[in-house]
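Open your viewer, switch to a cartoon view and get ready to select things one by one. We will walk along the strands, visit some helices and finish at the ligands.

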Amino acid sequence: MQVVTTIAGSDSGGGAGIQADLKTFQELKVFGTTVITALTAQNTRGVSGVLPIEAAFVKQQLQALLDDFSISAVKTGMLFSSAIIHTIAQIIADTNIPLIVDPVMIAKGGESLLQQEAIDAIIHYLLPIATIVTPNIPEAETLTGKKINTIADIKKAADHLLATGVHCAIIKGGHLADATNATDYVFFKNGQAFSMQTPRIATKNTHGTGCTFSAALTAFVGRGLTIKEAIIEAKKFIQLAITHDLALGHGHGPTNHFAYQNDKKSCEVTIYES
Ligand SMILES: Nc1ncnc2c1ncn2[C@@H]1O[C@H](COP(=O)(O)OP(=O)(O)OP(=O)(O)O)[C@@H](O)[C@H]1O
Ligand SMILES: Cc1ncc(COP(=O)(O)O)c(N)n1
């Protein structure tokens, strides 16, 4: 069994963060290990508190894993501070483990999960050693300092991100104003690119979509799929999780991490090569 690691924040509400990652890993039959960067007091209605973990203890957690396990992929989610980012970047840079960076910045309710001063650290320390980065549109705008309104803007943002050294940039279209489809745009450093499209599901239960997508991607990379195969399979995982959403809580409910195993043959992703 492959071992994968998530470096992220805890979501007490169970739909995002470390909890979404572990549920996804379990469903995809990889052994999940964790480095917790922050605790959040959170439910489907929002985040009411954040308690960051000291960078030195984040380091101790990651070092404990590396000292024992052979880890086949790592993902990052909520990292909170530049001190935490510097610490993990320094350690991961000395390994050959594929790194998937989900640059989590803001929770659905608008609460900050990353300090403003930490954005530069993601760009200068984490992206140069990353295999894949998975921003949504607002995150891509923040990382590149440019507004995204058109497909040409998405391509420019991806070029900007790829210039940091990251091998592959996936710009997720969950926030695009397209009522029919959910389209994600994938760009590789070697110039290859494709987009992938699924029907947009009309639901408010999308808490943790970004975490779940990047966790599935990490599991598939850890299992040895090619990066392109892993991206497409992760898109299926999130599509099914949103299709069979869970109306739990009173706000933005979670996605359904069980759905992929029950239904994976039924999900089609349309690929446009470019
Ligand atoms: N309503 C939807 N129907 C189908 N797919 C969706 C929907 N919303 C988001 N997605 C897909 O979910 C994945 C996560 O994308 P999204 O842009 O929502 O990420 P995110 O913004 O990081 O997540 P969150 O909004 O939960 O923070 C992408 O593959 C996106 O296309
Ligand atoms: C601890 C934690 N991490 C991440 C998110 C963002 O969630 P999403 O996956 O929806 O972008 C969250 N709300 N809480």
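**Stop 1: a parallel pair**

Start by selecting residues 71-76 and 99-101. These are strands S4 and S5, which run parallel and are joined by 3 bridges. To find one of the bridges, pick Val74, whose partner in S5 is Leu99. Keep in mind, as you look around, that this model is predicted.

**Stop 2: the whole sheet**

Now color all the strands. Where do S4 and S5 sit in the order of the open sheet? The sheet has 10 strands, and they are ordered S3-S2-S1-S4-S5-S6-S7-S8-S9-S10, with mixed pairing. The strands at the edges are S3 and S10; each has a single partner strand, so one side of each is left without a neighbour in the sheet. Here is a general point to carry along: strands of a sheet pair through backbone hydrogen bonds, and they can be parallel or antiparallel.

**Stop 3: the S3 edge**

Select 31-43 and 46-52 next. You now have S2 and S3, an antiparallel pair with 6 bridges. Together they make a hairpin, with 2 residues between the strands. Click Asn43 and you can follow its bridge to Gly46 in S3.

Stay in S3 and select Val47. Is Val47 buried or exposed? Val47 has 22 other C-beta atoms within 10 Å, which makes it buried. Show its contacts beyond four places in sequence, and you will find Thr40, Gln42, Ala107, Gly109 and Glu111. For a sense of scale, draw a distance from the C-alpha of Val47 to that of Thr243: the two are 25 Å apart in space and 196 residues apart in sequence.

Step across to S2 and pick Thr34. With 19 other C-beta atoms within 10 Å, Thr34 is partly exposed, because a residue counts as buried at 20 or more. Setting aside neighbours within four places in sequence, Thr34 touches Thr5, Thr6, Ile18 and Leu22. Another distance to try is Thr34 to Pro128, which spans 22 Å between C-alpha atoms and 94 residues of sequence.

**Stop 4: the S10 edge**

Travel to the other edge by selecting S8 (181-188) and S9 (193-199). S8 and S9 run antiparallel and share 7 bridges. One bridge links Phe187 to Ala193 in S9. The hairpin of S8 and S9 has 4 residues between the strands, and Gly191 there takes a positive phi near 95°.

Add residues 270-273, which form S10: 4 bridges join S10 to S9, again in the antiparallel sense. Among the paired residues are Phe194 and its partner in S10, Glu273.

**Stop 5: two helices**

Select 151-162 to light up helix H6. Its 12 residues reach 16 Å from first C-alpha to last, close to the 16 Å expected at 1.5 Å a residue. Which residues of H6 are buried? They are Ile154, Ala157, Ala158 and Leu161. Look down the axis of H6 and you will see these buried residues fall within an arc of 100°, so they line one face of the helix. A general rule helps here: an α-helix has 3.6 residues a turn, so residues three or four places apart point the same way. To see what covers the buried residues of H6, show S6 (132-133), H5 (137-144), S7 (168-171) and S8, which are among the covering elements.

Next, select helix H7 (209-222). Here 14 of the 14 residues are buried, so H7 is largely enclosed by the rest of the structure. Its end C-alpha atoms are 20 Å apart, which agrees with the 20 Å its 14 residues should span at 1.5 Å a residue. Just after H7, look for Gly224, which takes a positive phi of about 100°.

**Stop 6: the ligands**

Click ligand 1 and show its surroundings. There are 20 residues around it, the closest being Asn136, Lys172, Gly174, Ala182 and Gly210. S8, H7 and H8 (227-243) each give two or more residues to this shell, and the largest share, 4 residues, comes from H8. By class, the shell has 5 nonpolar, 10 polar and 5 charged residues.

Finish at ligand 2. The closest of its 17 surrounding residues are Gly9, Ala16, Gly17, Gly210 and Cys211. Two or more residues each come from S1 (3-11), S2 and H7. Color this shell by class and you will see 7 nonpolar, 9 polar and 1 charged residues.

Methods
Residues are numbered from 1 along each chain as its sequence is written. Chains are lettered from A and ligands numbered from 1 in the order in which they are written. This is a predicted model: local features need pLDDT of at least 70, side-chain atom pairs count only at pLDDT 80 or more; totals for chains, interfaces and linings use all residues. A residue is near a molecule or strand if its C-beta atom, placed from the backbone, lies within 6 Å of it. Ala, Val, Leu, Ile, Met, Phe, Trp, Tyr, Cys and Pro count as nonpolar, Asp, Glu, Lys and Arg as charged, and the others, Gly among them, as polar. Two strands pair if DSSP finds at least two bridges between them. The expected span of a helix is 1.5 Å times one less than its number of residues. A residue is buried if 20 or more other C-beta atoms lie within 10 Å of its own, exposed if 12 or fewer, and partly exposed in between; C-beta atoms are placed from the backbone. The arc is that of the directions from the helix axis to the C-beta atoms. Two residues are in contact if their C-beta atoms, placed from the backbone, lie within 7 Å.
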